[in-house]
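Here's a friendly walk through a structure you may be meeting for the first time. Have a look at the sequence and the 3D view, then read on.

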Amino acid sequence: MKKYWSGALPEPGVRTIADMANVFARPLTADPQTPLYYMYRDLWKTHGDHTWLERHHLRYDITVIPPGVFNGEYTKTKGHYHPENPAGMPYPEVYEVLSGFAYYLLQRRDHTDVILLPAHKGDTVLIPPGYGHVTINPGREKLVMANLVSTDFASEYGEIDAMHGAAYYYMKKEGWTANPHYGNPIPMHVMLPLPLPEIGLEEGRSLYDLVGSGDTLDIMNRPEEYMDVLGKYSAAKKKM
Ligand SMILES: O=P(O)(O)OC[C@H]1O[C@](O)(CO)[C@@H](O)[C@@H]1O
């Protein structure tokens, strides 16, 4: 972690096989206590940054997902949705790949759309309002990623649990495999990470650089004020 983070490091939250057994394509037989990934939450480098993050109701986390294949499926996060903010719009989130390669699998809560976003080191990915998300590590290397997100909500796991994971599983042999619990496969669009300079997502700028940067991250709590940016994002998806 020292390679990716120079600030104080709390003990990580750990997701184990026991936490995830329900969301893999096939039953897992490994020890239920086997750790799958590590979540270092609420990180900051200086007390000034901490105060700024608190004042803006934001959290910076780093998640480490070691490579692995479990009963034929590549390792991944459990997956969750975000609730609506007081204006009635679901909270978005933003990720940055710090090391390794990721597949971000985004799915609309009403199951009408799935977006696959491949992301390399240095790429940033916006999880738009209304999309649940899972991150898959399809490689042989450790995946390290950072995220910035509002502190005003708790992630919602109920639907992902009930559906036995996201709409697609990424299997080592079979590749993308539709989760049969969703019925007919939901169309999947591929989208490349899109720079969104209006909200600070641009080449060469790391997510942590946005801490302390005026209103740049306001979208995380008030997405309804950024419909132009969100519209540009969904238009880019349609073009692919
Ligand atoms: O909550 P899940 O689906 O296990 O995913 C974990 C990820 O979500 C976060 O809580 C941010 O949404 C991160 O800390 C972590 O990367």
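Of the 240 residues in the chain, 36% are buried. Keep in mind that this is a predicted model, so every value here is computed from that prediction.

What is the chain built from? You'll find 14 strands along with four helices. With a radius of gyration of 17 Å, close to the 18 Å that the globule rule gives for 240 residues, the chain is as compact as a globular protein of that length. If you drew a box around the C-alpha atoms along the principal axes, it would come out at roughly 45 × 40 × 30 Å. Looking at contacts with a separation of 6 or more, 71% of them are between residues 24 or more positions apart.

Now for the inside. The largest nonpolar core holds 56 residues, and Y104, L105 and L148 are the ones with the most contacts inside it. Which strand gives the most to this core? That's β11, with six residues. Take L148 and skip its neighbours within four places in sequence: its contacts are then L58, Y60, V94, L207, L210, L217 and M220.

There's a ligand to look at, too. It is surrounded by 13 residues, and M39, D61, T63, T77 and K78 are the closest. Two or more residues of that shell come from each of β3 (58-65) and β11 (143-150). Here is how the shell breaks down by class:

| Class of residue | Number in the shell around the ligand |
|---|---|
| nonpolar | two residues |
| polar | six residues |
| charged | five residues |

What does the UniProt record add? An unreviewed entry there lists residues 14-179 as "domain: Glucose-6-phosphate isomerase prokaryote". Over residues 14-179, the chain is 42% strand and 11% helix, and the C-alpha atoms at the two ends of that stretch are 25 Å apart.

Finally, pick out P180, which sits in the loop between β13 (175-178) and β14 (188-190). Is P180 buried or exposed? P180 has 11 other C-beta atoms within 10 Å, and a residue with 12 or fewer counts as exposed, so P180 is exposed. You can also compare P180 with Y168: they are twelve residues apart in sequence, and their C-alpha atoms are 8.8 Å apart in space.

Methods
Residues are numbered from 1 along each chain as its sequence is written. This is a predicted model: local features need pLDDT of at least 70, side-chain atom pairs count only at pLDDT 80 or more; totals for chains, interfaces and linings use all residues. The radius of gyration is taken over C-alpha atoms; the globule rule is 2.2 Å times the number of residues to the power 0.38. A residue is buried if 20 or more other C-beta atoms lie within 10 Å of its own, exposed if 12 or fewer, and partly exposed in between; C-beta atoms are placed from the backbone. Two residues are in contact if their C-beta atoms, placed from the backbone, lie within 7 Å. UniProt positions are given in the numbering used here, feature names are shortened, and annotations may be inferred rather than shown by experiment. A residue is near a molecule or strand if its C-beta atom, placed from the backbone, lies within 6 Å of it. Ala, Val, Leu, Ile, Met, Phe, Trp, Tyr, Cys and Pro count as nonpolar, Asp, Glu, Lys and Arg as charged, and the others, Gly among them, as polar. A nonpolar core is a set of buried Ala, Val, Leu, Ile, Met, Phe, Trp, Tyr and Cys residues joined through C-beta atoms within 7 Å.
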